[in-house]
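Ready for a few warm-up exercises? Have a look at the sequence and the model, then work through the tasks below.

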Amino acid sequence: MLGRLNHVAIAVADAAKAAKIYGTAFGAEISDRVPLPEHGVYTVFATLPNTKIEFIEPLGDASPIAKFVERNPDGAIHHLCYEVPDIIAARDQLISEGARVLGDGEPKIGAHNKPVLFLHPKDFSGALVEIEQS
């Protein structure tokens, strides 16, 4: 059910500035800064040969990551994203095995214009996990 690692997300105060070093130091392709109002963040992706790094910054004071960035002003890993072939089947299997889906349990469209869900970090060794339909 679980596919490849799609990206590692790092929450920062300035996503474009944080991503710039990946372009300069590693030659990564850097995306534009894109607002995702439904998730309350701006995103910038650094594309590497084997995965992507997603830099997320709060979109306003009411952003769900605003306090996380406040507690981690230099940035910190926020979540890991894995691909799944069928997000509804994956959600249902995860729930049947005791995992908790955050929010209302219904997928939202994420940064790649694909359905995503987030899973409670207490169920995954303290790591917030995102699943994205591949």
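For sorting residues, Ala, Val, Leu, Ile, Met, Phe, Trp, Tyr, Cys and Pro count as nonpolar, Asp, Glu, Lys and Arg as charged, and the others, Gly among them, as polar. Keep in mind that this is a predicted model.

**Exercise 1.** Describe the largest pocket and its lining.

*Solution.*
- Step 1: start with the volume, which is about 540 Å³.
- Step 2: find the centre. The lining has 26 residues, and H39, P64, H78, K108 and F118 sit closest to the middle.
- Step 3: sort the lining by class, which gives eleven nonpolar, eight polar and seven charged residues.
- Step 4: look for the top contributor among the elements. That's β8, with three residues.

**Exercise 2.** Work out which parts of the chain the salt bridge between E83 and R4 ties together.

*Solution.*
- Step 1: check the contact. The two side chains meet at 3.5 Å, N to O, and a salt bridge needs the nitrogen within 4 Å of a carboxyl oxygen.
- Step 2: place the partners. E83 is in strand β6 and R4 in the segment before β1, so the pair ties together parts 79 residues apart in sequence.

**Exercise 3.** Are E57 and R33 buried or partly exposed?

*Solution.*
- Step 1: these side chains form a salt bridge at 3.0 Å, N to O.
- Step 2: buried means under 20% relative accessible area. E57 has 8%, so E57 is buried.
- Step 3: R33, at 40%, counts as partly exposed.

Definitions and conventions:
Residues numbered from 1 in each chain as written. Predicted model: local features only at pLDDT ≥ 70, side-chain atom pairs only at ≥ 80, totals over all residues. Heavy atoms only, no water. 1 Å grid on protein atoms, 1.4 Å probe; cavity = no way out; pocket = protein on both sides within 12 Å on 5 of 7 lines; lining within 4 Å. Points joined across faces, edges and corners; volume = space filled by probe spheres on them. Helix = DSSP H or I, 4+ residues; strand = E, 2+ residues; numbered from the N terminus. Buried < 20%, exposed > 50% of the residue type's maximum accessible area, 1.4 Å probe, protein only.
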